[in-house]
Amino acid sequence: ERLRERTGVEYRDMIFFDDARSGKYGNCDPVSRMGVLAVHCPDGLSVELWGHALEEYARLRGDESRDGHVGTVLSLEDRDARSDPFARPLQPQQESSKSEPSVTPEISAGQELDATVVQWKSDRKFGFVRAEGTSQNVFFHVRNCTASGYFDPRVGDRVRVGLVEDTPEANLAENNHPHPGRLRCAWIRPNARKEGPSSKHETRRMPCFSMNQPFAALLANGVKTIESRTYSLLSEYAGQTVVLHVGRRTFPDHGKYISILKETKGMTESEVAAAAALPFGMHRGHAVAVLRLGKTRFVPDSRVRSKPEIEGAVCANGLEMGSHLTEVKAAAWLKESILVKVQRGVFEVEIPSDVIPDDF
């Protein structure tokens, strides 16, 4: 508001970029509600995302039906969001028919099912899930998300849904066109496994620490082989296996690690991008990997830390990294990400034994 007051630039003439979408520290959602085009860039602003934002802004301003309103949230994942929202994407090809039944024999209204998110249009706040063992996609809207904070689903997320038949009243509330008889989700909530004992799964109690992207993925992929801290966080865990939790935010490295890995390890930008990405099915806010730690060395001399082999192993500049360097002898992704309540420092978690890699 102060920016508009000081510059005289209207909200519809602004584009806002931020790495946090929603929740306690999220800015994109509240800014978009002011009428600004907000662009979600969790991994930093790229040339591709910048160009996409300008194209989408021009499209929204040129849409006479919107009367100049551009308030929405945009990300690279939404580049295909201009298609018909009720086109049943990702569904297998079927023979055309003039009268398709609105409810298939596989699933019906009134059921509660485990499902997977197969499409999510974050700028339009809707998506589709597919129930396990079926081929039918079912519509849901962000209003149907019942869990606190669950407003940014991702493709591949496992969810629990309750099914109803579509009604004109429900669509009117969501500003959509009615599709009477079509199945939709009355509610949807995350179905990810959580840490802790369960009657179905044996667990292992293990030490855990958290770090943000992209360094969490670089550790789990074995590219980052030294973890640096400003204090001796991991010194007492030499020879032990610890769990790696990935935080919800992106560390503001501004791409320095990319240059370091290109210079010290000869990696290409595409190789670095692959190593810094979370695999399909792994999510922020979850435990995602296990690490076998070595000894921690105290290296106060920044000249020593600035040696290329150390900078490449830490994926950071010698002047900026911490002076306590812990060797990571081995790393592996969990077979499934586990929702964990994060704490400061090193904390204990109970991880289902069946998701821990065999070598650990």
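## Salt bridges, buried polar residues and a surface patch

Arg-160 is partly exposed, its relative accessible area being 23%. This residue serves as the point of entry into a structure that is a predicted model. The side chain of Arg-160 meets that of Asp-114 in a salt bridge, with 3.1 Å from N to O. The two partners belong to distant parts of the chain: Asp-114 is in strand E4 (residues 112–121) and Arg-160 is in strand E7 (residues 158–165), 46 residues apart. Asp-114 is likewise partly exposed, at a relative accessible area of 27%.

From this pair one may step back to the chain as a whole. It has 360 residues, of which 45% are buried, and it contains 9 helices and 14 strands. Among contacts with a separation of 6 or more, 73% are made by residues 24 or more positions apart. The surface exposed by the chain is about 19,300 Å², and carbon and sulfur atoms supply 49% of that area.

The confidence of the prediction varies along the chain. The average pLDDT is 80, and 79% of the residues score at least 70. Confidence is highest in helix H9, with a mean of 97, and lowest in helix H4 (residues 168–173), with a mean of 50. Two stretches call for separate mention. The pLDDT is below 50 over residues 79–105, a stretch that has 47 contacts in the model beyond near neighbours in sequence. It is also below 50 over residues 171–175, where the model shows 13 contacts beyond near neighbours in sequence.

The salt bridges can now be taken up again. Their count comes to 12. Besides the pair already described, Lys-256 and Glu-320 meet through their side chains, with 2.8 Å from N to O. Lys-256 lies in helix H6 (residues 256–265), whereas Glu-320 lies in the loop between helix H9 (308–314) and strand E13 (324–339), so this salt bridge ties together parts of the chain that are 64 residues apart in sequence. Lys-256 counts as partly exposed, at 38% relative accessibility.

The salt bridge between Arg-59 and Glu-56 has another setting. Its closest N and O atoms are 2.5 Å apart. Both residues belong to helix H3, and because they are 3 residues apart there, about one helical turn separates them. Their accessibilities may be read in turn: Arg-59 counts as partly exposed at 27%, while Glu-56 counts as buried at 4%. Salt bridges also join residues into a network, which links Arg-205, Glu-348 and Glu-350.

Attention may next turn to two charged residues that are buried. Glu-227 is in strand E10 (residues 226–229). Its relative accessibility is 4%, and because buried means under 20%, Glu-227 counts as buried. The side chain of Glu-227 makes a polar contact of 3.2 Å with the side chain of Lys-224. When neighbours within four places in sequence are left aside, Glu-227 is in contact with Met-211, Leu-219, Leu-234, His-324, Leu-325, Thr-326 and Val-328.

The second of these residues is Arg-284, in the loop between helix H7 (269–275) and strand E12 (286–298). Arg-284 has a relative accessible area of 17% and is therefore buried, the cut-off being under 20%. Its side chain is placed beside backbone oxygens of two other arginines. The backbone oxygen of Arg-248 is reached at 3.4 Å, and that of Arg-249 lies 3.3 Å from a polar atom of the Arg-284 side chain.

The last feature is on the surface. Leu-45, Trp-50 and Leu-54 make a nonpolar patch of about 300 Å². Leu-45 is located in the loop between strand E2 (37–40) and helix H3 (47–62). With a relative accessible area of 48%, Leu-45 is partly exposed; because residues of a patch need over 30% relative accessible area, this value lies within the requirement. Helix H3, which follows that loop, is also the helix that holds the salt-bridge pair Arg-59 and Glu-56.

Note on methods: Residues numbered from 1 in each chain as written. Heavy atoms only, no water. Patch = residues over 30% accessible without salt bridge, like charges linked within 9 Å, V, L, I, M, F, W, Y side chains within 5 Å. Areas by Shrake-Rupley, 256 points an atom, 1.4 Å probe, with all protein chains shown as cover. Salt bridge = Lys/Arg side-chain N within 4 Å of Asp/Glu carboxyl O. Helix = DSSP H or I, 4+ residues; strand = E, 2+ residues; numbered from the N terminus. Buried < 20%, exposed > 50% of the residue type's maximum accessible area, 1.4 Å probe, protein only. Polar contact = N/O pair within 3.5 Å; in protein donor to acceptor, adjacent residues only side chain to side chain. Contact = heavy atoms within 4.5 Å. pLDDT = per-residue confidence, 0-100.
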